[in-house]
Number of protein chains: 2
Amino acid sequence: MSKTIVKAYAAVAADKPLEPYEFELPELGPEQVDIQVAYCGICHSDYSMIHNDWGFTRYPFVPGHEVIGTVIAAGEMARGVKVGDQVGLGWFAGSCMHCLHCLSGEHNLCRQNEYTIVGRNGGFADKVRCHWAWATPIPAAVDSSKAGPLLCGGITVFHPLLELNIRPTHRVGVIGIGGLGHLALQFLNKWGCEVTAFTTSPDKAAEAMAMGAHSVVNSKDENSMAAIAGSLDMILNTTDANLPWPAYMKALAPGGILHTVGMVPDPIPASAGALIGSQLSVSGSPLGSPATTRRMIEFCARHKIEPITEQFDLRDVNDALEHFAAGKARYRLVLKM
Amino acid sequence: MSKTIVKAYAAVAADKPLEPYEFELPELGPEQVDIQVAYCGICHSDYSMIHNDWGFTRYPFVPGHEVIGTVIAAGEMARGVKVGDQVGLGWFAGSCMHCLHCLSGEHNLCRQNEYTIVGRNGGFADKVRCHWAWATPIPAAVDSSKAGPLLCGGITVFHPLLELNIRPTHRVGVIGIGGLGHLALQFLNKWGCEVTAFTTSPDKAAEAMAMGAHSVVNSKDENSMAAIAGSLDMILNTTDANLPWPAYMKALAPGGILHTVGMVPDPIPASAGALIGSQLSVSGSPLGSPATTRRMIEFCARHKIEPITEQFDLRDVNDALEHFAAGKARYRLVLKM
């Protein structure tokens, strides 16, 4: 066997810039594929892991889990993708394939899942490895230079629309017009829904409308919030902030759902009176399954949905991270290898 | 028109025993029916209303919203029930019939609903009135002396099984083995589910098994709770108590639902980490629709499901309320007119 050497950028400590880092991959497993990385998005969780915000980062650490690239090696048992295929890789890099969740097509709920950047190296590199099931084919109709963020940010907000059976007749609000929110607005518009964007940045209103919102509500304005009371079938929170949840719950229609994909610090207070009186629910979800990811890519190709990105060369990764940390990303950053 | 005089028992103040009370009903509306009450259950909300716990009781106040009786008058536009039919009446006594919820068959979510004991008089009486849609036909196969509690306690725990699409392959836990919980255990057992009863009263374990539980877990025992971690698809809370919710959420399987029909005093803390990591939801629901109530009655008749009741004569209503307040009801009290 020839050695597989990976040229990457790694964090060597929580407070250090990323630096070039080479390592060797072990022998390819029979169900694994290696991807030659062309582009890799930057996600908030890359940033959290670089800085060991969650306490389990192991250094040197190679971030990156919004990969677009080409399969350059495939194990003998790999299915559905072959050398030369363009694929995407997101947060999940492997599943047990035999638990009830995997066998039900819910690999995203598998308790043995391998995460692309936890305990292994990610896509800020020329190569990255995964199980074949998590290598999502990317058709030529999708712009590969922009598609990376779909594999994490995109699927995070697409999955709940299928999972929660959101219908085109529903009215849906999106909290936060950022990396995830700007994709949620596009998805929901093409889903056929009436779409409300919540933002506290009035300067983002015109952009939100251009992305697919039918109306924009400033959630700091009590009158605006009161005006939409009882109207929304779903509110999708894409922010990581503690928000005035009771006000949002009042905006829900009977049977409505407050759904978070943002890692809100404090528990969301779910009052029994509101839950029972209006048959509400408060829920959350991780990323979607391989099947849902493929359906999302197909939906994006059909409707010309793509992330709005800013591109940096991999060698400028520290500039990109600084731009990200300053809150300047509009709306998602992509590294070019 | 002949006058319609109702002979009832009413509370005249929050701290007084109920006493005999007569009043006259206005002319019957075209869509209304009058029911000659045969039996009426006692529900916790009757007790709360008698004591003005929610601050909107108007005295004299006639409780009672778990009625079984016979239609004795029907307006000219009443549909589906006629004079002489045996019917049941629960918490809801009227809906607007034209909002999107009513037109969708979700009359229980109508924002204009009339409540049987709010701003009007209930079923601790010889007669009670309602809109025809909320007069649920009760077939002869159902024991009318015991069926009353199905119309409130029963439908409260039956409705979420349909609404949340609970399947026979699911594993479901029930918190609280009382008026609602003892019906939930019976429903879920016949639903085909694996049923776990949560109780802090070990003396209720054998009873819970007899009602349909396949296992009983003492929720105060940390080891027992740890042993069922990640196993339940739904936990149905029937209690009005603040409970150790994080421990219950740990008992949920990926995709699981913590659902309350009990009016828990403090908000249930829904942590984003748990919601997102395991795709959980925290939800609640009111009583079911007319259609769901009819389906419940059919399900009860098919499976011989009935409340376990203790019967008092209406004239002994104060003894019954005292028995209830002492926590001695096993499991639901019914007044005989």
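# Exercises on a predicted two-chain model

Tyr331(B) is placed in the loop between α11 (317-325) and β18 (332-336) of chain B. The model is predicted.

## Exercise 1: Around Tyr331

Find the cis peptide bond that leads into Tyr331(B), and the charged group over its ring.

**Solution.**
- Start with the backbone. The bond from Arg330(B) to Tyr331(B) is cis, with omega near -5°.
- For background, most peptide bonds are trans.
- Turn to the side chains. Arg330(B) lies over the face of Tyr331(B), at 5.7 Å from the ring centre.
- Repeat in chain A. Tyr331(A) sits in the loop between α11 (317-325) and β18 (332-336) of chain A.
- The peptide bond from Arg330(A) to Tyr331(A) is cis, with omega near -5°. The charged end of Arg330(A) is over the Tyr331(A) ring, 5.7 Å from its centre.

## Exercise 2: Classify two aromatic pairs

Over all chains there are 24 aromatic pairs. Assign a geometry to Phe92(A) with Trp134(A).

**Solution.**
- The ring centres of Phe92(A) and Trp134(A) are 5.0 Å apart, and the planes meet at 45°, so this pair is tilted.
- Locate both partners. Phe92(A) belongs to strand β6 (residues 92-94) of chain A, while Trp134(A) is in the loop between β8 (127-131) and β9 (136-137), 42 residues apart.
- Check burial; the cut-off is under 20%. Phe92(A) has 5% relative accessibility, so it is buried. Trp134(A), at 6%, is buried.
- Look for further rings. Ring pairs join Trp91(A), Phe92(A), Tyr115(A) and Trp134(A) in a cluster.

Now do the same for Phe158(B) and Trp191(B).

**Solution.**
- The centres of Phe158(B) and Trp191(B) are 5.4 Å apart, with 85° between the planes: edge-to-face.
- Phe158(B) is in helix α4 (residues 153-163) of chain B and Trp191(B) in helix α5 (residues 181-191) of chain B, so the pair ties together parts 33 residues apart in sequence.
- Phe158(B) is buried at 2% relative accessibility. Trp191(B) is buried at 14%.

## Exercise 3: Positive phi

Give the phi, location and burial of Met97(A) and Gln279(B).

**Solution.**
- Recall the background: most residues other than glycine have a negative phi.
- Met97(A) has a positive phi of about 70°. Its place is the loop between β6 and α2 (100-103) of chain A. At 23% relative accessibility, Met97(A) is partly exposed.
- Gln279(B) has a positive phi near 50°. Gln279(B) is in the loop between α9 (272-278) and β16 (281-284) of chain B. Its relative accessible area is 7%, so Gln279(B) is buried.

## Exercise 4: Read the sheet

Trace the strand order of the open sheet, then name its edges.

**Solution.**
- The sheet has 12 strands with mixed pairing. The order is β12(A)-β11(A)-β10(A)-β13(A)-β14(A)-β16(A)-β16(B)-β14(B)-β13(B)-β10(B)-β11(B)-β12(B).
- The edges are β12 (215-218) of chain A and β12 (215-218) of chain B. Each has a single partner strand, so one side of each has no neighbour in the sheet.
- From one strand to the next, the twist averages 20°.
- Take one pairing. Strands β13 (residues 232-237) and β14 (residues 252-260) of chain B run parallel, joined by 5 bridges. Leu232(B) stands opposite Leu252(B) in β14(B).
- Add the helix. α5(B) packs on the sheet and touches β10 (171-175), β11 (194-199) and β13 of chain B. The direction of α5(B) makes about 170° with that of β10(B).

Technical notes: Residues numbered from 1 in each chain as written. Chains lettered and ligands numbered in written order. Predicted model: local features only at pLDDT ≥ 70, side-chain atom pairs only at ≥ 80, totals over all residues. Heavy atoms only, no water. Phe/Tyr/Trp six-rings, centres within 6.5 Å; stacked < 30°, edge-to-face > 60°. Helix = DSSP H or I, 4+ residues; strand = E, 2+ residues; numbered from the N terminus. Buried < 20%, exposed > 50% of the residue type's maximum accessible area, 1.4 Å probe, protein only. Lys NZ or Arg CZ within 6 Å of the ring centre and 35° of its normal. Pairing = 2+ DSSP bridges. Axes fitted to C-alpha atoms, helices over the stretch in contact; angles between N-to-C directions. Contact = heavy atoms within 4.5 Å.
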